[in-house]
Amino acid sequence: MVILHRAYALAVVVTVTALLAFDGPAEAFVMLLSGLAPAAAIGWHLRRRRPGGPLPWHLALVGLGLLTGTNLLGLGADLGVKVPGGGLVAPVLMAAGFLGLLSASAVVVTRHTPGDGGGVIDAALIGVGAAGPLWEFVLRPRLAAGHAPAAVQLLALANLLALLATLGSMRRIARTMGTGSLRYLYVSIALGLAGVVASVLAADLPHPVATQVVPALWAVAYLSFGAAALHPAAVTLTEPVGRQPERPTLRLAHLGAVLSINPVVGALPVLWGGKADAPLLSVGTLVVIGLVLARIGQLLRQRAEAESALAHRASHDELTGLLNRHGVLARLEESFGAGVGVLYCDLDRFKPINDTLGHLAGDEVLRQVAARLRAAVRPGDLVGRIGGDEFLIVCHGVDATRADALRRRLTAAVGAPMTVAGHQVDVGVTIGTALTGSGPALDKSGPTPDRRGAASGRAATAPVQAGTATGKAGGALDTAGTATGKAGGALDTAGSASDEAGTALAGPGTAEQLVAEADRKMYDRKRRPVTV
């Protein structure tokens, strides 16, 4: 890297010395070489290093090629070769060449500012705002005094706006400009801007050194772009970087002030009897409109992303990434119909893990169980966490045989030993299954008061469990009477399955009833364990 810096300094000294020493065709030839050298460096970089995201380098090659065409025209003019189109071809080629280099820089900027698109656009708007006074009070009077054609003035203004917008946006990524490649790129754009300004100011100066300063600035700008390609950090320069912390953007009042600069400055000549600056009011306004539309689009995307994130948080469990109670029940309601089944899963032997290894270990168990459930279900089945250690599986197109096969698969998957916090733990799961249209006749009017109380009681306890599911020691219920209170009186601890028919919830006809029935069967299975 030190060798690169020294080589770059030597190339700058030699090039500037040659440009100041030579005149005519020799000077034009030096300019031609200064444009070909960085093009060769970029070609070597693309061929040997094969960087990721090569688009900026391809754009830079196009830009340097057009600028080389400009230098060829200059060499031809010094040799007496006339080019069709008069003096307009060279400015057009130069503007197009700068556009290629600026496009390359813009791509680099966007890849260095993920999540900060608004800040980059604001910075570009500041640059465009700064171009107005510089144009109106410094450059435009010089061009008007030299009777420059309107097309030349428009091209000069377009170059100025583009260069300052790019410099402003690159200033936004100053925190990531620790890479030497990005510094060389910044120097290249800054020198290009200096060259545009100097080319206007030095146009009518009699001293030859004044006119030689302009090619020197542009030549060093070309060499700086080549140094950016040769720097070792150029391999990652064009690759996207990680998301950066959010930074403040312009306040609305400041943004309004920036947007008003060009119209105000462009209309100032009217105050002292002159004409309004048509180029600034037209070209400058078009550039601002484009940036403002981009800013509005970025704000709309941000809003859509924020709404999507909020919707995801509202329907998903933060710990496991599964659907939460609200999300899975809403999906069940949407797809409720014939052939729908739910499996209500309650972990066994989970509370002792929390008590002995801590809640962080308990959270890890829940995450591993969630992953196992996702892996065990069929494609299209829904998995949700509806309580502390309770999960709900929603599946479609199932009958009793398929549902039972899925229940056995889930039981085996969860029951396999897992390692948590350096310890091997063993949890189990008790699963209750309910299918639409199965079981005794349904009371279509909905849950009975007793069962409604049971369902609401379980829904109220689910949030309190909050990932630790305390009270579930060993997965067994106290059959001496606590089960009766927990079910709101719907379960008879001394009764049998035939007693459940009186509460009219087997064979559910609504999503709420279906879940309540699976819940009841899960607790019945806990009280009277069956062979898996």
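Me: In this predicted model, which elements are included in what covers the buried residues of H12?
Reply: The model is predicted, not experimental in origin. The cover over the buried residues of H12 includes two helices and three strands, listed here in sequence order. They are helix H11 (278-315), strand E1 (340-348), strand E2 (382-385), strand E3 (390-396) and helix H19 (511-527).

Me: Do the buried residues of H12 lie on the same side or on opposite sides, and what arc do they cover?
Reply: Helix H12 spans residues 325-334, and its buried residues are Gly327, Val328 and Leu332. They sit on the same side of H12, because around the axis they cover an arc of only 130°.

Me: Which exposed residues does the face of H12 turned away from its buried side carry?
Reply: Exposed means over 50% relative accessible area. On the face of H12 turned away from the buried side, the residues that count as exposed are His326, Glu333 and Glu334.

Me: Which residue caps the N-terminal end of H12?
Reply: Look at the backbone nitrogen of His326. A side-chain oxygen lies 3.3 Å from that nitrogen. The oxygen belongs to the capping residue, Asn324.

Me: How many residues apart in sequence are the parts that Arg385 and Asp317 tie together?
Reply: Arg385 and Asp317 form a salt bridge, with the closest N and O atoms 3.1 Å apart. Arg385 lies in strand E2, while Asp317 lies in the loop between H11 and H12, so the pair ties together parts separated in sequence by 68 residues.

Me: Is Asp317 buried or exposed?
Reply: The cut-off for buried is under 20% relative accessible area. Asp317 has 15% relative accessibility, so Asp317 counts as buried.

Me: Which helices hold Arg295 and Asp122?
Reply: The side chains of Arg295 and Asp122 meet in a salt bridge, 2.9 Å from N to O. The pair ties together parts 173 residues apart in sequence, because Asp122 lies in helix H5 (residues 117-145) and Arg295 in helix H11. In order of Arg295 and Asp122, the helices are H11 and H5.

Me: Which helix gives the largest share of the largest nonpolar core?
Reply: This core has 72 residues, and Ile42, Trp57, Trp135 and Phe225 touch the most other members. The largest share is twelve residues, and they come from helix H8 (residues 208-230).

Me: Leaving aside neighbours within four places in sequence, which residues is Ile42 in contact with?
Reply: Ile42 is among the core residues that touch the most other members. With those sequence neighbours left aside, the contacts of Ile42 are Trp57, Ala60, Leu61, Leu64, Phe225 and Ala229.

Methods
Residues are numbered from 1 along each chain as its sequence is written. This is a predicted model: local features need pLDDT of at least 70, side-chain atom pairs count only at pLDDT 80 or more; totals for chains, interfaces and linings use all residues. Side-chain values use heavy atoms; hydrogens and water are left out. A nonpolar core is a set of buried Ala, Val, Leu, Ile, Met, Phe, Trp, Tyr and Cys residues joined through side-chain atoms within 4.5 Å. Buried means under 20% relative accessible area, exposed over 50%, partly exposed in between (1.4 Å probe, protein chains only). Helices (H or I, at least four residues) and strands (E, at least two) are DSSP runs, numbered from the N terminus. Contact means heavy atoms within 4.5 Å. The arc is that of the directions from the helix axis to the C-beta atoms. A polar contact is a pair of N or O atoms within 3.5 Å; within protein, one must be able to donate a hydrogen and the other to accept it, and residues adjacent in sequence count only if both atoms are side-chain atoms. A salt bridge is a side-chain nitrogen of Lys or Arg within 4 Å of a carboxyl oxygen of Asp or Glu.
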